[in-house]
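This report looks at how charged side chains pair up in one protein model and at what lines its pockets. The sequence and the structure are shown first.

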Amino acid sequence: MTRPLIVGNWKMNTLRHTAMALAQDIGSRYADTSADERGFDLMVCPPFPYLPTVGEAIAGSGVALGAQDCHAAGGGAHTGDVAAEMLADIGCTAVILGHSERRTDHGEIDLAVSEKARAAHRAGLIAIICIGETEAERDAGQAADICARQIAGSVPKGAVAEDTVIAYEPVWAIGTGRTPTAADVADMHGHIRGELSRFLDDADRVRLLYGGSVKPGNAIQLLSVPNVDGALVGGASLSAEDFWAIAQSS
Ligand code: PEP
């Protein structure tokens, strides 16, 4: 069975002291839980400036550190950007790529996401590649096609289960308190698994996360859906108590 992965995407939230307190709280909960009981992997993805602070706060706890974006190049004249190699250098093991907020706010297209994922792999990072349809696309019956197209365009050639995670995040469910039904999530995750198998030999082992308004109250239901191997959590990951309750639901 695939070990579930619960990822906290802190987005552009926290300041240094709140980031440190949140990370310490999550780190000590994970470290204080016996290996038998913590049958899930846990990761936090703070804003860039707090990666070192959070890295120190979770050191030795078993909680992994991830970033929220990277540049495709290994270095050079790219003002304001951060290379995957830099993230690996400061202790990150993963990076979220192609989040819908980046696709919307920064015009990121599938090709850019694929190039960033290639950079993540080059640096030894796990690429957590986000896909998902808008509400208009869902209403038009295009959700499955949109996700298939995003997979084909965003997952680089040569990706394997060890270095790639897919997060299905319907755009209309992010930060809205709305979620698809369990049946809809099951359909989509089955579809995503099938699409991945067209490109990857080990598609059955790739972890597929669900993201979009995951809360303690709906986590058990969402995380028990077939082909859901964990969650990408936004708002609820800013509360150690809620994030922990979600993780324990996996
Ligand atoms: C996200 O932004 O990745 C996310 C899933 O947000 P939320 O949990 O707040 O919907």
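In this predicted model, the side chains of Asp41 and Arg3 meet in a salt bridge, with 2.6 Å from N to O. Asp41 belongs to strand β2 (residues 41-45) and Arg3 to the segment before β1 (5-9), so the pair ties together parts that are 38 residues apart in sequence. Asp41 has a relative accessibility of 23% and therefore counts as partly exposed, and Arg3, at 35%, counts as partly exposed.

A second salt bridge is formed by the side chains of Glu135 and Arg178, at 2.5 Å from N to O. Because Glu135 lies in helix α6 (residues 135-139) while Arg178 lies in the loop between β6 (164-168) and α8 (182-196), this pair ties together parts that are 43 residues apart in sequence. The relative accessibility of Glu135 is 32%, which makes this residue partly exposed, and Arg178 counts as partly exposed at 37%.

The side chains of Arg205 and Glu162 also meet in a salt bridge, at 2.8 Å from N to O. Here Arg205 sits in the loop between α8 and β7 (207-211) and Glu162 in the loop between α7 and β6, so that parts 43 residues apart in sequence are tied together. Arg205 counts as partly exposed, with a relative accessibility of 42%.

The count of salt bridges comes to 17, and a network of salt bridges links Asp69, Arg102, Glu108 and Lys116. Two members of this network come up again in the pockets: Arg102 is among the residues that lie nearest the centre of the largest pocket, and Glu108 is among those nearest the centre of the second largest.

The two pockets are set side by side below.

| Pocket | Volume | Lining residues | Classes in the lining |
|---|---|---|---|
| Largest | About 480 Å³ | 20 residues | eight nonpolar, six polar, six charged |
| Second largest | About 200 Å³ | 15 residues | three nonpolar, six polar, six charged |

Around the centre of the largest pocket, the nearest lining residues are Lys11, Met12, Gln68, Arg102 and His106. Helix α4 (residues 100-105) gives the most to this lining, with three residues.

In the second largest pocket, Arg103, Glu108, Gly132, Thr134 and Gln150 lie nearest the centre. The elements that give two or more residues to this lining are α4 and α7 (143-154).

Note on methods. Residues are numbered from 1 along each chain as its sequence is written. This is a predicted model: local features need pLDDT of at least 70, side-chain atom pairs count only at pLDDT 80 or more; totals for chains, interfaces and linings use all residues. Side-chain values use heavy atoms; hydrogens and water are left out. On a 1 Å grid over the protein atoms alone, a cavity is a set of points where a 1.4 Å probe fits but cannot get out, and a pocket is an open set with protein on both sides within 12 Å along at least five of seven lines; lining residues have an atom within 4 Å of a point. Grid points are joined across faces, edges and corners, and a volume is the space filled by probe spheres set on the points. Helices (H or I, at least four residues) and strands (E, at least two) are DSSP runs, numbered from the N terminus. Ala, Val, Leu, Ile, Met, Phe, Trp, Tyr, Cys and Pro count as nonpolar, Asp, Glu, Lys and Arg as charged, and the others, Gly among them, as polar. A salt bridge is a side-chain nitrogen of Lys or Arg within 4 Å of a carboxyl oxygen of Asp or Glu. Buried means under 20% relative accessible area, exposed over 50%, partly exposed in between (1.4 Å probe, protein chains only).
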